Amino acid sequence: MATIQEAMAAAVAHHQAGRLAQAAALYHAVLDAMPGHGDAAHLLGVVHLQSGQPDRAVTLIRGAIQHNHRVADYHDNLGSALKALGRLEEAVAAHRQAVRLRPEFAQALYNLGNALEALGRLDEAATAFRQAAARRPGYARARFNLGNVLAALGQQADADDAYRAALADDPTFVEAHANRGGLLLAQDRPRDAAAALARALALRPDHAPALSNLAAARLALGDRDGAESAARHAVSARPDLADCLLRLGEVRQRADRLGAAAEAYRAALALNPALAEAHANLALVRQGQGLLDAAELGNRRALALDPALADVRSNQAYLLLFRPGVTAAAVLEAHRDWDRVHGAPHRGRWVKPGKAAAGKTNAAKGPLTVAILSGDFRRHPAGLFAVRTVEALPAHDIRLLLYANQTESDDVTGRFRKVAARWTAVAGLPDAEVASRIRHDRPDVLIDLAGHNARGRPGVFARKPVPVQVAWSGYMATTGLAAMDALVADRHHVPEGMEAFYAERVLRMPDAFIAYDPPGDDTELPLTPPPCLSGGPVTFGSFNILTKLNDGVLAAWAAILRRVPDGRLLMKTKALSCPVTADLWRGRLAAAGIDPGRVTMVGATSSLDHMRWCASVDVALDPFPFSGSTTTLETMWMGVPVVTLPGDTFSSRHSLAFLTVAEVEGCIAADPADYVERAVAWASDPQRLAELRRTLRGRMAAGPLCDGNRLAAALAGELRALARPH
């Protein structure tokens with residue numbers, strides 16, 4: 001017996017020192033001498049588990065349990081071996097038995113949490129990790145795993161608490177610093193994220209996920225060079241990690257280096273063809289380059305890999321608006337498809353009419369509380385379309401609750417905040433939590449300013465936290481949501497008889513559905529004569545994203561330039577900052593019969609410089625079927641006519657609406673041939689161009705197109721009628 005005890009002691013010493021072969025030999029020797037030695041069988045099983053042979057480990061440890069089923073460690077290590085074999089339910093049962101035998105067994109609770117997490121039973125896993133941490137002071141790993149599970153559950157504040165507790169236990173815990181940085185990044189707290197990630201990298205400078213997230217944090221902070229450096233370092237540290245290439249692509253994409261971004265995404269997909277996010281991001285690059293077929297294909301591939309990607313399905317519906325020949329019926333169906341997949345599961349939990357207002361003053365009396373959710377309370381088209389009206393709403397007995405899905409701010413943000421009775425930051429919060437906060441505040445009406453656009457939160461509106469929900473200004477189509485009660489429009493965007501093609505009730509404002517807030521002042525942006533009056537050639541201009549341009553548009557432009565042989569074309573949009581994209585479009589123009597030598601291409605500039613470029617053209621050419629909106633108002637503000645060809649979709653009729661409200665004649669075409677004729681007619685009449693330059697800005701400024709108070713009065717009346725109980 002003394003010999004067996006000595007052999008076991010020597011075996012354990014080898015085992016603890018990592019000399020697994022020597023330990024295994026001694027465990028075998030003990031079992032040869034005493035086949036029923038439970039500890040030897042158990043520990044030999046552990047050696048096999050550590051050596052990557054979990055099947056042999058299971059057999060040996062089960063043998064140990066047959067000899068003595070009351071030892072908690074046997075069951076715990078059996079569970080670990082079963083987990084390694086993917087037999088997760090059996091693993092959970094084994095760990096639970098270990099805990100039953102020894103209720104204070106922190107490691108078994110920790111291992112139980114890991115098995116439950118692998119099964120996707122995250123709430124149960126969180127309970128196990130909490131219990132493990134409670135039973136062993138300083139158990140940083142249990143608190144860390146608890147943070148990971150809580151983050152996956154969307155419980156971000158609790159996850160952050162868990163990570164900080166892990167770091168209090170072990171300040172050198174690199175992964176805890178790194179994962180906390182990732183969590184803070186997901187919460188749109190880039191400055192805090194960068195600090196946490198820097199602590200991880202101080203401990204391990206080549207930690208690729210931390211470097212990758214640091215790139216995103218620096219990008220959010222406006223440090224594009226720092227973001228590029230961090231992303232490149234991440235790829236250098238882990239060239240085999242597709243996620244690092246994905247982040248490098250995002251950095252380049254945000255810098256309008258679309259060609260380089262596409263290279264990074266393709267490299268990521270070469271490593272991992274099943275990376276749905278890379279397919280989706282590459283689709284966005286192709287969309288930005290105006291390659292609709294490639295964009296749609298990428299979205300379809302992403303959704304095939306992960307049908308739960310609501311943002312990708314939103315983008316797929318949005319892409320349809322750009323397709324030549326698109327109908328209002330097709331647009332409605334595409335957006336209802338989003339609702340069928342992502343909206344329908346929430347319908348049983350909608351707030352019912354009357355419930356949110358319980359105990360409040362009747363909406364027909366006293367102030368109406370209106371909540372607005374947007375990521376664009378800033379100098380952005382949606383913000384500039386809404387700010388004047390929102391500023392005027394309090395004068396019409398509206399109390400405003402603004403929910404900001406953004407972290408940046410500017411002068412326009414300040415204007416929104418000034419009129420808000422309450423300003424609530426919701427950037428980075430899950431849809432369910434945003435909906436819960438709004439439901440708790442119990443507004444009478446909730447307004448959406450984004451729809452399926454970037455920073456839109458259709459998942460919040462699909463949950464219907466407020467009994468009356470209204471879409472306005474930030475999206476140029478039906479939302480398709482059964483939960484959306486109304487859509488703010490006008491008779492120009494949605495003519496009589498088109499209501500059937502909208503999921504929402506159409507609220508027609510008396511003039512336009514927005515009130516424009518133009519940039520600058522007359523000193524910063526003085527009106528100038530049409531450039532052609534200086535003796536130079538007529539310049540046509542397009543300031544729209546490349547996604548809006550198609551073969552039909554290019555054919556019309558080619559016909560115009562043939563009719564005006566000395567005319568030139570200016571194309572200005574941020575995607576043309578990318579040399580690869582600019583070259584691509586020179587090829588497309590040439591294929592359409594437009595000499596690239598007659599075309600000037602300009603990329604991103606400041607807002608005021610952009611307006612000055614608008615003034616550098618004589619006639620603006622609107623794309624079709626997706627009309628300009630902001631670009632039309634900007635060129636009109638500089639006194640430039642916009643030739644447009646409207647269709648029957650909301651997104652095809654922006655220029656028609658704005659030109660009609662501003663009483664600009666001679667710009668609205670009936671078909672492509674008429675489009676060409678009207679553009680040529682404007683180009684042939686310099687005095688008419690000069691007269692429009694002289695008068696249009698004043699008409700816009702004094703008229704309903706910029707009258708936020710007039711629109712606010714009409715909107716407040718419609719909102720009150722919607723909220724009034726029947």
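## Sheets and cores

Met571 is in contact (heavy atoms within 4.5 Å) with Ser542, Leu546, Leu549, Trp557, Leu576, Trp585, Leu589, Val599, Thr600, Met601 and Val602, leaving aside neighbours within four places in sequence. The model is predicted: local features need pLDDT of at least 70, side-chain atom pairs count only at pLDDT 80 or more, and totals for chains, interfaces and linings use all residues. Residues are numbered from 1 along each chain as its sequence is written, and side-chain values use heavy atoms, with hydrogens and water left out.

Met571 also appears in the largest nonpolar core, which has 183 residues. Such a core is a set of buried Ala, Val, Leu, Ile, Met, Phe, Trp, Tyr and Cys residues joined through side-chain atoms within 4.5 Å. Buried means under 20% relative accessible area, exposed over 50%, and partly exposed in between, with a 1.4 Å probe and protein chains only. The residues with the most contacts inside this core are Val470, Trp472, Phe540, Trp557, Met571, Met636 and Tyr675. Another core lies apart from it, with 59 residues, including Tyr27, Leu44, Phe144 and Leu146.

Next, the sheets. Helices (H or I, at least four residues) and strands (E, at least two) are DSSP runs, numbered from the N terminus. Two strands pair if DSSP finds at least two bridges between them.

| Open sheet | Strand order | Pairing |
|---|---|---|
| Five strands | S10-S9-S8-S11-S12 | parallel |
| Seven strands | S3-S2-S1-S4-S5-S6-S7 | parallel |

In the five-strand sheet, strands S10 (599-602) and S12 (642-643) are the edges, each pairing on one side only. S12 pairs with S11 (residues 619-621) over two bridges, in the parallel sense. Val642 in S12 is the bridge partner of Ala620. Helix H25 (residues 551-563) packs on this sheet and touches S8 (539-542), S9 (568-572) and S11. The direction of H25 makes about 145° with that of S9. Axes are lines fitted to C-alpha atoms, for helices over the stretch in contact, and angles run from 0 to 180 degrees between N-to-C directions.

In the seven-strand sheet, the edges are S3 (422-425) and S7 (505-509), each pairing on one side only. The twist averages 25° from one strand to the next. S2 (residues 398-404) and S3 pair in the parallel sense over four bridges. Arg422 in S3 is the bridge partner of Leu401.

Ile372 sits in strand S1 (residues 368-374). Ile372 is buried, at 0% relative accessible area. Beyond residues up to four places away in sequence, Ile372 touches Phe377, Val390, Leu400, Leu401, Leu402, Tyr403, Leu446, Ile447 and Leu449. The C-alpha atoms of Ile372 and Leu449 are separated by 7.3 Å, with the two positions 77 residues apart along the chain counted as their spacing.
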